Amino acid sequence: FQAEDGIRDRSPSRGLGDVYKRQCLHGSFSGRHNEFIRYQLNTKIMGLEIERKFLVQGDSWKSLGTPVLFHQGYLNRNPERSVRVRIEGDMAKLNIKAQRGTLRRIEYEYAIPVKDATFLLEHVCEQPTLSKHRTKITIGDCCWEVDEFHGPNKGLVIAEVELETEEQSFEKPDWIGEDVSDDPRYLNINLIQNRFQNWKQD
């Protein structure tokens with residue numbers, strides 16, 4: 001269960017967190033115990049994701065971070081229990097989400113080899129897949145993730161912010177527009193089929 005590019009940091013985080021390259025500092029183990037420890041470190045402990053989603057205005061946000069290319073597809077697009085494969089720059093992840101209301105989702109995430117993710121995206125995932133550039137921007141105590149979509153979803157730019165609670169107040173930068181958290185059209189699982197460029201024709 002050892003991730004190809006490191007092991008997951010077990011320190012508490014407000015959201016998904018990142019996969020960090022570091023060595024295990026808990027001593028040496030052997031046999032099944034060692035494999036169990038590796039599995040525990042590589043597996044995201046179940047957490048509740050609380051997220052708000054907004055449209056983005058203008059281009060001023062582009063100078064605030066470095067974009068990373070994302071390519072993702074779904075083994076299951078049911079919003080109640082979606083399973084996503086994603087390549088993020090030079091790493092890849094398998095993600096499982098379970099809807100628990102408009103803003104809340106239970107979420108697991110695992111690092112997987114990029115070559116495995118590439119195969120899944122090309123031969124196993126539902127087609128078509130989706131591509132976008134994501135830019136992470138820190139504003140106050142929050143990390144905003146700005147997604148600029150490509151292909152049939154070109155022209156759509158969405159910003160997401162992950163919160164501790166649904167009632168949490170947070171600073172909104174001037175490039176944040178309409179709150180679309182309650183609009184299912186903006187979910188990635190729906191943009192796969194109901195593409196943004198087709199909305200004008202509806």
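Glu88 counts as buried, at 13% relative accessibility, and Arg86, at 4%, is buried too. In this predicted model, the side chains of the two residues meet in a salt bridge, with 3.4 Å from N to O. Salt bridges, aromatic pairs and a surface patch are the topics below, after a quick look at the chain as a whole.

**The chain as a whole**

- The secondary structure of the protein chain comprises four helices and eleven strands.
- Of the 202 residues in the protein chain, 38% are buried.
- Among contacts with a separation of 6 or more, 60% join residues that sit 24 or more positions apart.
- About 11,400 Å² of the protein chain is exposed, and carbon and sulfur atoms supply 50% of that area.

**Salt bridges**

- Side chains of opposite charge can pair when their charged atoms come close.
- How many salt bridges does a search of the whole structure find? The count is 16.
- Asp147 and Lys132 form one of these, at 2.8 Å from N to O. Asp147 belongs to strand E9 and Lys132 to strand E8, so this pair ties together parts that are 15 residues apart in sequence.
- Are Asp147 and Lys132 buried or exposed? Asp147 is buried at 1% relative accessibility, and Lys132 is buried at 1% as well.
- Asp147 and Lys132 also take part in a network of salt bridges that links them with Lys53, Arg134, Glu145 and Glu160.
- Arg81 pairs with Glu80 in a salt bridge whose closest N and O atoms are 3.3 Å apart. Here Arg81 is partly exposed, with a relative accessible area of 46%, and Glu80 is partly exposed at 47%.

**Around Ser82**

- Ser82, found in strand E5 (residues 82-88), is buried with a relative accessible area of 7%.
- Which residues touch Ser82, leaving aside neighbours within four places in sequence? They are Tyr74, Asn76, Asn95, Ile96, Lys97 and Ile189.

**Aromatic pairs**

- A pair of aromatic rings is described by the distance of the centres and the angle of the planes.
- The structure holds seven aromatic pairs. One of them joins Phe54 and Trp144 in a tilted arrangement, with 5.7 Å centre to centre and 55° between the planes.
- Phe54 lies in strand E3 (residues 47-56) and Trp144 in strand E9 (residues 142-149), so the pair ties together parts that are 90 residues apart in sequence. Both Phe54 and Trp144 are buried.
- Phe196 and Trp199 make an edge-to-face pair, at 5.1 Å centre to centre and 70° between the planes. These two are three residues apart in helix H4 (residues 196-199), so about one helical turn separates them.
- Phe196 is buried with a relative accessible area of 18%, and Trp199 is buried at 12%.
- Trp199 has a further partner: Arg185 lies over the face of its ring, at 4.4 Å from the ring centre.
- Ring pairs also join Phe54 and Trp144 with Phe170 and Trp175 in a cluster.

**A nonpolar patch on the surface**

- Which residues form the nonpolar patch? Leu75, Phe119 and Val124 do, and together they have about 260 Å² of accessible area.
- Val124 is located in the loop between helix H2 (114-123) and strand E8 (130-139). With a relative accessible area of 44%, Val124 is partly exposed.

Terms used:
Residues numbered from 1 in each chain as written. Predicted model: local features only at pLDDT ≥ 70, side-chain atom pairs only at ≥ 80, totals over all residues. Heavy atoms only, no water. Phe/Tyr/Trp six-rings, centres within 6.5 Å; stacked < 30°, edge-to-face > 60°. Buried < 20%, exposed > 50% of the residue type's maximum accessible area, 1.4 Å probe, protein only. Lys NZ or Arg CZ within 6 Å of the ring centre and 35° of its normal. Contact = heavy atoms within 4.5 Å. Areas by Shrake-Rupley, 256 points an atom, 1.4 Å probe, with all protein chains shown as cover. Patch = residues over 30% accessible without salt bridge, like charges linked within 9 Å, V, L, I, M, F, W, Y side chains within 5 Å. Salt bridge = Lys/Arg side-chain N within 4 Å of Asp/Glu carboxyl O.
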